[in-house]
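Hi there,

Here is the structure I promised to pass on to you. Please open it first, and then read my notes below alongside it.

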Amino acid sequence: ADGTRDLIEDENPNNVLVHDLDIRAMVDDLRNAGAEAIAINGQRVVLGKSKIQCTGPTIKINDVVFAPPYVIEAIGDRKFLESAINAPDSFSASLRSWGVFVEVNTSISVVIPPYEGFVSYDYVK
């Protein structure tokens, strides 16, 4: 979620807002930690197919617009995924240092919806 801390004098308010590049970086961290499936606010994120774009104060994922808070769900080894987000040198650590709210919860049961966009294959028959 966007940060709620007070801004320093003349500080750019964008410093405490969640941006598309923040979401993409966290998705990359989860993929690198072995996430096999990822969704953001119920939208499946597929490598090379999904688009995560800035639309002003909101973010568009697969052509659907969302406002904060953003809930990222991932399926994979819970310990690896949690470590990817909570590690001291992770991207989310830098977000936290700017005052952006990042929280990790683990579960043994996560359902990721299917990707609803168009997928074309060049080699699969």
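Contact, or touching, here means heavy atoms within 4.5 Å. With that in hand, start at Ser92, which touches Met26, Ile85, Asn86 and Val102, leaving aside residues up to four places away in sequence. Before going on, please note that this is a predicted model, in which local features need pLDDT of at least 70 and side-chain atom pairs count only at pLDDT 80 or more, while totals for chains, interfaces and linings use all residues. Residues are numbered from 1 along each chain as its sequence is written, and side-chain values use heavy atoms, with hydrogens and water left out.

Ser92 belongs to helix 3 (residues 91-97). It counts as buried because its relative accessibility is 0%; buried means under 20% relative accessible area, exposed over 50%, and partly exposed in between, with a 1.4 Å probe and protein chains only.

**The chain as a whole**

The secondary structure comes to three helices and six strands. Helices (H or I, at least four residues) and strands (E, at least two) are DSSP runs, numbered from the N terminus. Along the sequence the pattern reads α-β-β-β-β-β-β-α-α. The chain has 125 residues, of which 30% count as buried. It exposes about 8,200 Å², with carbon and sulfur atoms supplying 52% of that; accessible areas come from the Shrake-Rupley method with a 1.4 Å probe, and for residues only the protein chains shown count as cover. Among contacts in the chain with a separation of 6 or more, 58% are between residues 24 or more positions apart.

**The sheet**

Strands 3, 4 and 5 make an open sheet in the order 3-4-5, with antiparallel pairing. Two strands pair if DSSP finds at least two bridges between them. Strand 3 and strand 5 are the edge strands, each pairing on one side only. From one strand to the next, the twist averages 30°; axes are lines fitted to C-alpha atoms, for helices over the stretch in contact, and angles run from 0 to 180 degrees between N-to-C directions.

Four bridges link strand 3 (residues 52-55) to strand 4 (residues 58-61). Ile52 sits opposite Ile61, Cys54 opposite Ile59, and Thr55 has Thr58 as its bridge partner. These two strands form a hairpin with two residues between them, and Gly56 in the turn has a positive phi of about 80°.

Strand 4 goes on to pair with strand 5 (residues 64-66) through three bridges, again antiparallel. Here Ile61 is partnered by Val64. This hairpin also has two residues between its strands, and Asn62 takes a positive phi near 55°.

Do look at Phe66 in strand 5. It is buried because its relative accessible area is 14%. Phe66 touches Asn41, Gln43, Thr58, Ile59 and Ile61, not counting residues up to four places away in sequence. Phe66 and Gln43 are 23 residues apart in sequence, and their C-alpha atoms are 10.0 Å apart.

**Helix 1 and the core**

Helix 1 has 13 residues, which at 1.5 Å a residue should span 18 Å, and its end C-alpha atoms are indeed 18 Å apart. The expected span is 1.5 Å times one less than the number of residues. Helix 1 lies across strand 3 and strand 4, running at about 160° to strand 3. Its buried residues include Asp20, Asp22, Ile23, Ala25, Met26, Val27 and Leu30. Just after the helix, Gly34 takes a positive phi of about 100°.

Which residues touch the most other members of the largest nonpolar core? Within its 20 residues, they are Ile23, Val27, Ile40, Val45, Ile52 and Ile61. A nonpolar core is a set of buried Ala, Val, Leu, Ile, Met, Phe, Trp, Tyr and Cys residues joined through side-chain atoms within 4.5 Å. Two or more residues of this core come from each of helix 1 (20-32), strand 1 (37-40), strand 4 and helix 2 (78-86). Helix 1 gives the most, with four residues. Val27 touches Ile38, Ile40, Val45 and Ile52, again leaving aside residues up to four places away in sequence.

Happy viewing, and best wishes!
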